[in-house]
Amino acid sequence: MHRIGTPADAGRVGWVDAAKGICIVFVVMMHATLGVGEAMGGEGFMHAVVAFAAPFRMPDFFLISGLFLARVVDRDWRTYGDKRILHFAYFYLLWLVIQSLVKIGSVSDGTLAGFLEHLAVSLVEPYSTLWFVYMLAIFSVVAKLVRRTSPVLVLAVAAALEIAPIHTGWFLLDEFCARLVYFLAGWHLAPMIFRLAEAAVARRGAALAFLAAWAVINGALALTEVTVLGTTTTPAALPVVSLALGVAGAAAIVVVSALIAGTAVGRPLAHAGAHSIAVYLAFFFPMAVTREVLMRTGVIDDVGVVSLVVTLVAVIAPLVLERIVRHGPAAFLFERPAWARLGPRRAAVAPAE
């Protein structure tokens with residue numbers, strides 16, 4: 001049952017890929033919609049969708065990323081480091097250079113020294129949209145270090161970090177505190193999460209009732225503004241409430257993914273999820289180009305429609321690019337080459353007698 005919606009020859013968990021696909025679409029949608037809104041000086045219907053997804057967009061992404069950690073966390077540091085740390089470090093560093101070169105006018109003063117300074121700063125303060133990849137490497141190190149600590153204690157401390165109003169201004173630290181609990185929950189609660197997916201398929205009526213109730217509550221808390229201590233925010237962003245909605249939203253995405261896995265709707269999302277690293281790394285360029293073209297031509301003047309078009313192009317274009325380069329010399333863009341992997345440790349050769 002853990003392979004709900006999985007093609008027989010794929011060797012993957014169908015609903016997990018669908019969940020990753022939903023997450024990556026929401027992430028791209030956020031960047032595309034906010035960028036279009038700023039460029040056009042207004043908001044459209046897509047802004048409401050982005051606001052609705054805010055409580056669970058990143059929590060679910062991190063939770064799904066931790067689901068299969070138990071398979072590798074007890075391996076030796078060399079093997080684990082290759083699969084869970086060097087893997088993400090490679091893509092972060094590679095695409096840090098690529099994105100920085102594309103945006104060189106905005107990241108430095110045009111000099112080599114300025115560019116190198118930007119790269120150096122980006123080693124301690126994740127650059128642009130790449131912060132998620134950077135954070136996965138950090139979380140993987142933390143998980144390895146605390147693997148023998150009580151899961152209850154680890155989750156309690158991580159939950160306290162999420163609830164605490166930690167706003168230091170250092171993006172890396174703030175996001176670490178806000179997101180760690182979801183990654184660890186994906187790891188430690190994986191059996192429960194898989195059972196939830198199974199239950200959703202077995203009891204579709206109850207699953208749909210849960211989704212309806214969640215959508216109403218999440219929407220009410222995410223789309224309503226309140227003033228707290230002179231600051232305008234949403235109830236969804238308040239301490240404790242944000243954690244509750246993050247967990248509930250992640251559960252909702254698991255349920256939705258289990259229900260649509262293997263369907264006409266689920267298959268494209270699962271494909272995007274199976275190649276989510278390519279979308280996440282490369283969506284910035286087609287997003288910016290499409291937005292600029294639509295702004296200059298003025299062929300569409302509705303903010304919501306422009307946001308939707310930009311989102312679709314920004315998701316689809318990297319998938320097409322990944323397919324084109326998959327077996328060519330540019331495959332290193334989305335697949336780690338042999339030289340960037342840690343091979344198995346060589347056995348010591350006994351000296352000849």
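How are helix 4 and helix 6 oriented to each other? They are oblique, because their angle falls outside the ranges for roughly parallel (under 35 degrees), roughly antiparallel (over 145) and roughly perpendicular (65 to 115). This is a predicted model, in which local features need pLDDT of at least 70 and side-chain atom pairs count only at pLDDT 80 or more, while totals for chains, interfaces and linings use all residues. Residues are numbered from 1 along each chain as its sequence is written, and side-chain values use heavy atoms, with hydrogens and water left out.

Helices here are DSSP runs of H or I with at least four residues, numbered from the N terminus. Helix 4 spans residues 77-102 and helix 6 residues 112-121. They pack at an angle of about 140 degrees, with axes 11 Å apart. Axes are lines fitted to C-alpha atoms over the stretch in contact, and angles run from 0 to 180 degrees between N-to-C directions. The crossing is right-handed: the near helix is turned clockwise from the far one by less than a right angle, where anticlockwise would make it left-handed. Helix 4 contributes L96, S100 and L101, and helix 6 contributes F115, H118 and L119. Contact means heavy atoms within 4.5 Å. The classes are 4 nonpolar, 2 polar and no charged residues. Nonpolar covers Ala, Val, Leu, Ile, Met, Phe, Trp, Tyr, Cys and Pro; charged covers Asp, Glu, Lys and Arg; the others, Gly among them, are polar.

Turn next to helix 1 (residues 14-40) and helix 2 (residues 45-53). Their axes come within 9 Å and cross at roughly 135 degrees. Helix 1 is therefore oblique to helix 2. This crossing is left-handed. On helix 1, the contact residues are F26, M29, M30, T33, L34 and G37; they meet M46, H47, V49, V50 and A53 of helix 2. That contact has 8 nonpolar, 3 polar and no charged residues.

Helix 2 also packs on helix 16 (residues 303-325). Here the axes come within 6 Å and cross at roughly 60 degrees. This pair, too, is oblique. F45, M46 and H47 of helix 2 touch V303, G304, V305, S307, L308 and T311 of helix 16. The split is 5 nonpolar, 4 polar and no charged.

Last comes helix 12 (residues 241-260). Its 20 residues reach 28 Å from first C-alpha to last, close to the 28 Å expected, which is 1.5 Å times one less than the number of residues. Of the 20 residues, 15 are buried, so helix 12 is largely enclosed by the rest of the structure. Buried means under 20% relative accessible area, exposed over 50%, and partly exposed in between, with a 1.4 Å probe and protein chains only. G262 follows helix 12, with a positive phi near 85 degrees.

How values were computed: Helices (H or I, at least four residues) and strands (E, at least two) are DSSP runs, numbered from the N terminus.
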